[in-house]
Amino acid sequence: MSNADSNGSGSSAEAQALDSSFMGHPQPLRSLFFTEMWERFSYYSIRPLLVLFMVASISNGGFGFDDATASAIYGIFAGTLYLAAVPGGWLADNWLGQERALWWGSIIIALGHLFIALSALFGMSMFFIGLVCIVLGSGLFKTCISVMVGALYPKGDARRDGGFTLFYMGINIGALLAALIVGLFQERQMWHVGFGVGGLGMLVSLLVYRFAARKNLKRFAKVKGIKPEWEVANDQYQHIGRWVGLFVAALVALIVLIATGIMPFNPSMVAEYMTYIIAGMVLLYFAYMFISPKLDKTDKLRLLICFILIIGSTLFWSSFEQQPTSFNLFADRYTDLNVLGFNIPSIWFQSLNPIFILMLAPIVSVIWVWLGKRNLEPNSMAKFSLGMLLAAAGFGLMIMASKLVVANPDTLVSPLWLTGSLLLLTLGELALSPVGLSSMTKLAPKGMQGQMMGLFFTSLAMGNLVAAFFGGHVSADTIDGLPGLFTTMTIFLVVTALILLALSKPVRAMLDRSEAEDERRDTI
């Protein structure tokens, strides 16, 4: 064997090893897994604290806001955080590249956590500036890391959905650790210590990416002989940096006007109108793309499927994101927190979702891979339908639990109601969310991966806003309306699931025909 052959064989063996060294998946998935895990730890450290902190009285260290205002502010924060993924994805595609966008996003998020922690010394304005920084940084971070995961798998790789399910486990390990830790600080009303813990998690995420993920991605691309898509940005547009600078200047001016009281700010109204504006923007974006001459028939069909999945995802997240609002308040006010003689923090219910995901995600991942190898795996729409039906079953349990509270206002209900509901919602999430992320990377036309991922995250934005709007009305004088709220969500989920299920086969057949025609033209 010649030296050239030997080196080639060694390279081939190394490439094969790198392609399956992390539980059968590409090796860079490991470091991306931990990067995402610690970033999500930082987010989920503040997520359950926000509403409870804002409704806590000033004497107890909070802001003393009413439930509706606090929930609306949370909805605006969570909604804009996912909405920022659209311009963040566009900037990554057309200016920074995925890698640099993720790096700068990490730094901005870390600064946001620092500002929130320092608000204990510098007041409310610093708190909201910190939330704004987390929103801006997450807009860059969220789309890029998901696109990087998708880029590890070649077209048609049956491991893709399974890989995203494993990646999803990292999110939920971070969420689990965060809920357990900050729950202890919430019980002692040490709000800013809890916020500071989130900042430390983001710092760890930044370091893991800088010293592990970047190196592993470069090695993977070199050994596999592939073009590192995460380093490439389109050069179609000029002077993007100037527009970004103008936007930042305008945002700073807006913050100053609101902080000084010159511009009035009604959180509930803003949350409601944001929902309409986001929905309108998404519709206009897809309408423009459908008439664009730059995209061929197959690309437009792929966009249609993405659009349908985004609508389904919005309805799912508007129910799922009741956890930090109505579910959180329901646990705090109407649930018996005495478990085996120990009074658990109400925030600990937020840890059930990640616990269930950690238990079930590996099983779901194996099932998808096993079915994929036998050409039995259901398509994305069928998986979405399954996820919605499971979520609807979870809300069925909450309908019964809320009726018990209405019938006996002075009685605390069993924690098993929330536990069972969260288990079903988690199963629904596993059938829908990782598959949604994977589908966006599969279906997005070339050069639009970041934008499609950003548009998928708008479904989470709208879901958070809708959930916050309804979730802020969980109080003693409005509890009678809670069974109706849960019933409405159940009906919407079931109807949407049935529509997606009916569309799954014809849409899949159309896509297969379009792809076959494109392949035939390419061979002529």
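The expected span of a helix is 1.5 Å times one less than its number of residues. In this predicted model, helix 7, which covers residues 160–187, contains 28 residues and should therefore span 40 Å. The C-alpha atoms at its two ends lie 41 Å apart, in agreement with that expectation. Most of helix 7 is covered, with 21 of its 28 residues buried. Just after this helix, Gln-189 adopts a positive phi of about 55°.

Helix 4 (residues 85–96) gives another outcome. For its 12 residues, a straight helix would reach 16 Å at 1.5 Å a residue, but the end C-alpha atoms are only 14 Å apart. The buried residues of helix 4 are Ala-85, Gly-88, Gly-89, Leu-91, Ala-92, Asp-93, Asn-94 and Leu-96. Gly-97 follows helix 4 and has a positive phi, near 85°.

Positive phi values also occur in two loops. Met-23 is not a glycine, yet its phi is positive at about 55°. This residue is located in the loop between helix 1 (3–18) and helix 2. With a relative accessible area of 58%, above the 50% cut-off, Met-23 is therefore classed as exposed. Leu-340, likewise not a glycine, has a positive phi of about 55°. Its position is in the loop that joins strand 1 (338–339) to strand 2 (342–343). The relative accessible area of Leu-340 is 86%, so this residue is exposed as well.

The interior was examined next. The largest nonpolar core comprises 144 residues, among which Phe-77, Phe-195 and Phe-330 touch the most other members. Helix 2 (residues 28–55) makes the greatest contribution to this core, with 13 residues. When neighbours within four places in sequence are set aside, the contacts of Phe-195 are Ile-46, Leu-49, Leu-50, Phe-53, His-113, Ile-116 and Phe-127.

A further set of contacts involves Met-274, a residue of helix 10 (residues 267–291). Its relative accessible area is 13%, under the 20% cut-off, and Met-274 is therefore buried. Apart from residues up to four places away in sequence, Met-274 touches Ile-76, Thr-80 and Leu-465. The pairing with Leu-465 links positions 191 residues apart in sequence, whose C-alpha atoms are separated by 7.8 Å in space.

The model contains 1 cavity of 30 Å³ or more. The volume of the largest cavity is about 310 Å³. Its lining consists of 27 residues, and those nearest the centre are Tyr-44, Tyr-82, Tyr-168, Ile-171 and Glu-429. By residue class, the lining divides into 15 nonpolar, 6 polar and 6 charged residues.

Several helices contribute to this lining. At least two residues each are supplied by helix 2, helix 6 (124–151), helix 7, helix 11 (297–320), helix 13 (352–373), helix 15 (415–443) and helix 16 (449–471). Helix 7 provides the largest share of the lining, 6 residues. Helix 7 thus combines an end-to-end distance that agrees with the expected span, a mostly buried set of residues and the largest share of the cavity lining. Helix 2, for its part, gives the most residues to the largest nonpolar core and also supplies at least two residues to the lining of the largest cavity.

Methods: Residues numbered from 1 in each chain as written. Predicted model: local features only at pLDDT ≥ 70, side-chain atom pairs only at ≥ 80, totals over all residues. Heavy atoms only, no water. Core = buried A, V, L, I, M, F, W, Y, C linked by side-chain atoms within 4.5 Å. Buried < 20%, exposed > 50% of the residue type's maximum accessible area, 1.4 Å probe, protein only. Helix = DSSP H or I, 4+ residues; strand = E, 2+ residues; numbered from the N terminus. Contact = heavy atoms within 4.5 Å. 1 Å grid on protein atoms, 1.4 Å probe; cavity = no way out; pocket = protein on both sides within 12 Å on 5 of 7 lines; lining within 4 Å. Points joined across faces, edges and corners; volume = space filled by probe spheres on them. Nonpolar A, V, L, I, M, F, W, Y, C, P; charged D, E, K, R; others polar.
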